[in-house]
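Here are a few exercises to work through with the model open in your viewer. Try each task before you read its solution.

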Amino acid sequence: MKHSKMMLVGTLLIAIFLINMVIPASAYVDNGCYWYAGVATVKKATSIPTGWNTSLVAASTTWNNAGADFRFSWSGVSTNYLYYSSLGPDGPIARAYPDADGDRMEACYVRFNSDYSWSTSGESGKYDVQNIATHEFGHWLSLGHPPDDTEATMYKYSKLGEIKKRDLTSDDITGIKSIYP
């Protein structure tokens, strides 16, 4: 009888361990606000280089195609802007500035740091516009930085020449779908 109980406990512990390996914990971070209408219009300030257009639209389209009830739109009147200006030579690559009233996202803008070198082709030694824009648009959706998932688009660091964050991981998709089901 004692041996049977030990076998049962051992089997349960192994099952729990295997389940935890197969079903990873969610790493996305929800900042607690959202666009009530499920849409955000985007405008480019005149400071944005014209050669960036395709990369910026591709970044927003990545989120539009995630299967959530949300859309970025590039038409209409907007208070949501993309800028290209100095954030300092030691400043962030880019920074999103969300404006929320309680849980209601009111506006957002992004500044891409003009003190860094940029590329639209994943060029070595430069930051990729689409890679960084995809991440910053995630902040517009109220997603924060996951602490440990270095592969996630929303991870807080990026490398020169990196393009892997042009695409969303399953955790990024789970994050947007949890906010905009």
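**Exercise 1.** Which residue in β6 is the bridge partner of Ala-96?

*Solution.* A word on the source: this is a predicted model, in which local features need pLDDT of at least 70 and side-chain atom pairs count only at pLDDT 80 or more, while totals for chains, interfaces and linings use all residues. Residues are numbered from 1 along each chain as its sequence is written, and side-chain values use heavy atoms, with hydrogens and water left out.

Step 1: find the strands, which are DSSP runs of E with at least two residues, just as helices are runs of H or I with at least four, both numbered from the N terminus. Step 2: β5 and β6 run antiparallel and are joined by eight bridges; strands pair if DSSP finds at least two bridges between them. Step 3: the partner of Ala-96 is Val-110. Step 4: look at the turn, where two residues separate the strands of this hairpin and Gly-102 has a positive phi of about 65 degrees.

**Exercise 2.** Follow the pairing of β4 to its parallel neighbours.

*Solution.* Step 1: strand β2 (residues 43-44) is joined to strand β4 (residues 81-85) by two bridges, and the two run parallel. Lys-43 has Tyr-81 as its bridge partner in β4. Step 2: β4 also runs parallel to β6, with four bridges between them. Here Tyr-83 is partnered by Arg-111.

**Exercise 3.** Which elements give two or more residues to the largest nonpolar core?

*Solution.* Step 1: such a core is a set of buried Ala, Val, Leu, Ile, Met, Phe, Trp, Tyr and Cys residues joined through side-chain atoms within 4.5 Å; buried means under 20% relative accessible area with a 1.4 Å probe, protein chains only. Step 2: the core has 36 residues, and those touching the most other members include Trp-63, Leu-82 and Trp-140. Step 3: the contributing elements are α2 (53-64), β5 (94-101), β6 (104-113), α3 (129-140) and α4 (170-179). The largest share, five residues, comes from α3.

Step 4: zoom in on Leu-82. Leaving aside residues up to four places away in sequence, its contacts (heavy atoms within 4.5 Å) include Val-42, Ile-48, Val-110, Phe-137 and Trp-140.

**Exercise 4.** How much of the protein chain is buried?

*Solution.* Step 1: the chain has 181 residues, and 41% of them count as buried. Step 2: for the overall layout, count four helices and eight strands.

Note on methods
Buried < 20%, exposed > 50% of the residue type's maximum accessible area, 1.4 Å probe, protein only.
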